[in-house]
Amino acid sequence: MSPLKLKKGSSKHSAYDLRSGYGDTQERHTIAVVVDNEAGVLARVIGLFSGRGYNIESLTVAEIDHTGHMSRITIVTTGTPQVIEQIKAQLDRIVPVHEVHDLTVEGRPVERELALLKVTGTGDKRVEALRLADIFRANVVDSTLTSFVFEITGTSEKIDAFAELMQPLGLEETARTGVAALSRGSRRQD
Amino acid sequence: MTRQMTGAKMVIQALKDQGVDVVFGYPGGAVLPIYDEIFQQNDIRHVLVRHEQGAVHAAEGYARSTGKPGVCLVTSGPGATNAVTGLTDALMDSIPIIVLTGQVPTFMIGNDAFQEADTVGITRPCTKHNWLVRETEKLSDVIHQAFHVATNGRPGPVLVDIPKDVQFASAAYTPPGKARTAHYAPRVKGDIQAITDLAELIEKAERPVFYTGGGVINSGPGASHLLRELVGATGFPITSTLMGLGAYPASGEHWLGMLGMHGLYEANLAMHDCDLMINIGARFDDRITGRVDSFSPGSKKAHIDIDPSSINKVIHVDIPIIGDVGHVLEDLLKVWKSRGRKTNKEAVAAWWKKIGEWKKVDCLSFDQSGKTILPQYALSRLEALTKDRKDRFICTEVGQHQMWAAQYMGFEEPNHWMTSGGLGTMGYGFPSSVGVQMAHPDALVINVAGEASWLMNMQEMGTAVQYRLAVKQFILNNERLGMVRQWQELLHGERYSQSWSEALPDFVKLAEAFGAKGIICSDPADLDDAIMEMLNHDGPVIFDCLVEKHENCFPMIPSGEPHNKMLLGAASTQDAIGSSGAVLV
């Protein structure tokens, strides 16, 4: 029996080239996951994303019900429609997960992020930074003669835009919380 | 009335209350209090394995052959890490097992204590769920939850990590009825509209096929019974994955044999050419689908699965039905019958005619005219000499022998076939056979093995002999890692890198060294007598069956190819695997 001849470089082909072509467009979804606030629950969620090769653009978590010990995890992710469906189904499979909401599907969600930006400088740059901060409704939460710390809340895009403007004005450090999101309207209606 | 007891006693009490009769385990420092309690009671039998991996596979064998969850008890650190392969195996094949691990005392966790490992961290991705219990008050509740999670929904392995101080401390015992299990309640009833849609498709289908999997077996004997009724009533052909063998009897008139990479010609072509595919409890695994974008291109597909994440994961389906196979089949039969039990009889008859032509290819034929035993012949004889025994259980290791066993042996009942499907764990079969024999002491338990796989957990000979478990180790010895060798022949220019078994033991002497019986056979003429000698021996046997060294396993769908590009034998293998297929495993 003769050996099979393999073409050079064949190992560069990914197994995933063989996947069927439906729904190849990448979509950005905001998913809210309500979980028992128990040890390791965040690791389960993150481990699911890394283990199965899903993207995380942003992830926030905090306990929202101190008596029932429930936390809400808000995840912004991207993927094909098939992958997004998988992500939701896989999240729902985790035992301490109570609810999975695809806020993007449920309607344009209210999404907010908080950021702290440290901008240093003197003279015109300092004045300009303060003026722009006013336009963006950012608050000054710390100030020295050569620096400001601005607090800004808004969509991720708004914060991106503000940070970009601050860059030439002496942006030194940024801290962002990641997206928190809620669906619009009353939940009781549905 | 609440009863106060130590954590260690709680473990035993909880196991008793869950109906556990056997625990497979291995003691160590961090589980000594629990072993002390085991010593002081007689309700639960403890089977001392020789390696923790063996304990988990034995529990899997026990679980698969009984339908009840299997239980393991191992120590912290290395005990827990040795259990990881078994846990992953059980996760991939949806086998309900509960692994209890000892842990260093709570006040030492994080200090790199002796035999400390982050067990819940390590096993998080390879369990369905796991718990580290830091308070004795919660221990019994968590153990009951563990049984609930392991056995409900899609079954799977769970792990409870118990620090040593939690085992020593006392608290009130929570009985099973009081445990907090309500929050985990997967849906078992399928959507009736979807079921009606499927019934409608069944009425119209011209070229239907049932494609069944391990989910039917996990759903319980009732599901297999309903499946047989549905297949009989519709007259549709049925094929099954490796994991689903036995749900429909191999002697049944509608049986096509196993499908997939090494499945039967008629089964795979039926899958490729069908116009209605009814997937019952299978998951479109890559061993089944082959090339995804050419998978059964002209069919409507229905998929019954208890796990929503299985739906549309690999193959887009037209009718997803989320629910337990037993419940869904019951409703499907009810709906279909109430609509008048209709099928497109004429078209289905024509479909069977076509299938009959494929069957004539006789894809499993082989020629045993030489002086060397062919592995196919060995298994055909094993099948012929044992198939009348209703209490026959077959385990396998992983590789060519596993595929040949699936091809040449027939399974009439569910829960009689134990094999590592999803993970493909070499070394699974022997400890698994130990677990099966513990559950069925008088049954005929045979592990069909290759010599390389078998050596991976051969230490369990000690367990088999100690507990007088008459497990028959039927080793097809080709002195090769046969499946690796086959792929090297087909894909890697016949460069047989590290794929032979050098310095093999004398298996007869090895058996005798353990106090068991060894048999060697190399002549086809002696085979029947040798097999009978194995079957008639009341005790564990190692059967060293020397077979043809270079036999390949066919049929074979080359990786990266669709079902209709199947290889039937040596002549058709040339240039069969394209460059994109070569990267697939």
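**Reading helix packing, a pocket and two backbone features**

Tutor: In this predicted model, helix α1 (residues 7–17) of chain B packs against helix α7 (residues 136–151) of chain B at an angle of about 25°, and their axes are 9 Å apart. Residues are numbered from 1 along each chain as its sequence is written, chains are lettered from A in the order in which they are written, and side-chain values use heavy atoms, with hydrogens and water left out. Local features need pLDDT of at least 70, side-chain atom pairs count only at pLDDT 80 or more, and totals for chains, interfaces and linings use all residues.

Student: How should I read an angle and a distance like these, and what do they make of α1(B) and α7(B)?

Tutor: Two packed helices are described by the angle between their axes and the distance between the axes. Axes are lines fitted to C-alpha atoms, for helices over the stretch in contact, and angles run from 0 to 180 degrees between N-to-C directions; the helices themselves are DSSP runs (H or I, at least four residues), and strands are E runs of at least two. With an angle of about 25°, α1(B) is therefore roughly parallel to α7(B), since angles under 35 degrees count as roughly parallel, over 145 as roughly antiparallel, 65 to 115 as roughly perpendicular and the rest as oblique.

Student: Which residues of α1(B) and α7(B) meet?

Tutor: Contact means heavy atoms within 4.5 Å, and here the residues in α1(B) include M10(B), V11(B) and L15(B), while those in α7(B) include L139(B), I143(B) and F147(B). By class, this contact of α1(B) with α7(B) has seven nonpolar, four polar and one charged residues, where Ala, Val, Leu, Ile, Met, Phe, Trp, Tyr, Cys and Pro count as nonpolar, Asp, Glu, Lys and Arg as charged, and the others, Gly among them, as polar.

Student: At what angle do α1(B) and helix α2 (residues 32–39) of chain B pack?

Tutor: They pack at an angle of about 55°, with their axes 8 Å apart, which means that α1(B) is oblique to α2(B). A8(B), K9(B), V11(B) and I12(B) of α1(B) make the contact with P33(B), I34(B), E37(B) and I38(B) of α2(B), and by class that contact has six nonpolar, no polar and two charged residues.

Student: Where do helix α11 (residues 221–234) and helix α14 (residues 325–338) of chain B stand in this scheme?

Tutor: Their axes come within 9 Å and cross at roughly 30°, so α11(B) is roughly parallel to α14(B). The residues that meet include L226(B) and L230(B) in α11(B), and L329(B) and W336(B) in α14(B); by class, there are ten nonpolar, two polar and three charged residues in the contact.

Student: What should I look for in the backbone, for instance at R341(B)?

Tutor: Most residues other than glycine have a negative phi, and most peptide bonds are trans. R341(B), although not a glycine, has a positive phi of about 50°, and R341(B) lies in the loop between α14 and α15 (345–360) of chain B. F554(B) and P555(B) are joined by a cis peptide bond with omega of about -5°, and P555(B) is found in the loop between β20 (541–546) and α24 (579–582) of chain B.
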